[in-house]
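Below are some notes on the model, set out as numbered points for a colleague who wants to check them against the coordinates. Please read them with the structure open.

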Amino acid sequence: MSSRSIRRIAAATLAAGAALGAAALPASAQSSPHQAAAYRSSVVISGVQADSPGVDDRSNYSLNREWIDVTNTSRRSVNLDGWTLSDEDGHTYTFRHYRLDGRSTVRVHTGIGRDTYRDVYQDRRNYVWDNRSDTATLRNDRGRFIDDDSWGGRHHRGGHDGNHHDRRL
């Protein structure tokens with residue numbers, strides 16, 4: 001093999017390595033594993049109403065005015081079957097047989113109701129989200145972190161991009 005061929009092979013190998021490193025940079029440039037996972041996901045927690053308006057009387061009406069919005073920002077639908085939404089105390093809602101259309105939002109209510117393509121219900125008789133301070137965490141069907149949103153003084157602000165989307169407290 002000539003020295004010219006060896007140089008060409010070496011140059012091609014270095015170029016391929018540089019291209020591979022540049023392709024991997026956006027994910028590795030994220031500041032935490034949570035942010036890296038959220039960076040790749042098109043599904044985000046887009047709104048929170050942790051404090052049901054009016055008197056907290058545990059009526060179904062009041063319970064259903066406590067909710068979390070989950071939005072698919074992509075054009076393709078996402079199968080949420082087995083995905084979970086949980087609070088800091090371990091209260092967990094699991095999506096069952098639910099497909100979220102592209103560029104759509106589903107509202108997860110705390111109380112009892114009939115699921116539709118826009119609203120699903122946890123069927124609980126007690127409040128889930130702490131009015132003053134809590135974190136809503138969304139995980140996929142494999143338990144991998146997708147997104148979170150926190151409120152209150154001691155929490156960070158949102159796992160996906162640090163923005164508040166439609167926060168109503």
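1. Strand β1 (residues 43-49) pairs with β2 in the antiparallel sense over six bridges, where strands are DSSP runs of E with at least two residues, helices are runs of H or I with at least four residues, and both are numbered from the N terminus. Two strands are taken as paired if DSSP finds at least two bridges between them. Within this pairing, I45 stands opposite V70 in β2.

2. The model is a predicted one, so local features require pLDDT of at least 70 and side-chain atom pairs count only at pLDDT 80 or more, whereas totals for chains, interfaces and linings use all residues. Residues are numbered from 1 along each chain as its sequence is written, and side-chain values use heavy atoms, with hydrogens and water left out.

3. Strand β2 (residues 67-72) is mostly covered, with six of its six residues buried; buried means under 20% relative accessible area, exposed over 50%, and partly exposed in between, with a 1.4 Å probe and protein chains only. The cover extends to both faces, since W67, D69 and T71 on one side are buried, as are I68, V70 and N72 on the other. On W67 there is a further detail to inspect: the charged end of R107 sits over the ring of W67, 3.5 Å from its centre, the criterion being NZ of Lys or CZ of Arg within 6 Å of the ring centre and within 35 degrees of the ring normal.

4. Strand β2 is also joined by six bridges to strand β7 (residues 104-109), and these two run antiparallel, with T71 standing opposite T105 in β7. Both pairings of β2 belong to an open sheet of four strands in the order β1-β2-β7-β8, with mixed pairing. Because β1 and β8 (119-121) stand at the edges with a single partner strand each, one side of each is left without a neighbour in the sheet. Neighbouring strands of this sheet are turned by 25° against each other on average, direction ignored, the axes being lines fitted to C-alpha atoms.

5. Strand β10 (residues 145-151) has seven of its seven residues buried, so it is largely enclosed by the rest of the structure. Its antiparallel pairing with strand β9 (residues 134-139) comprises six bridges, and in β10 the bridge partner of T135 is S150. The hairpin of β9 and β10 has five residues between the strands, and there G143 takes a positive phi near 80°.

6. The structure holds three aromatic pairs, counted when the ring centres of Phe, Tyr and Trp (its six-membered ring) lie within 6.5 Å, with planes under 30 degrees apart classed as stacked, over 60 as edge-to-face and the rest as tilted. One of them, Y93 with F95, is edge-to-face, at 5.1 Å centre to centre and 75° between the planes, and both residues are buried. The ring centres of F95 and Y98 are 6.1 Å apart and their planes stand at 40°, so this pair is tilted; F95 and Y98 are both buried. Ring pairs thus link Y93, F95 and Y98 into a cluster.

7. As for the whole protein, it has three helices and 10 strands, and 37% of its 169 residues count as buried. Among contacts (heavy atoms within 4.5 Å) with a separation of 6 or more, 52% are between residues 24 or more positions apart.

Terms used
Axes fitted to C-alpha atoms, helices over the stretch in contact; angles between N-to-C directions.
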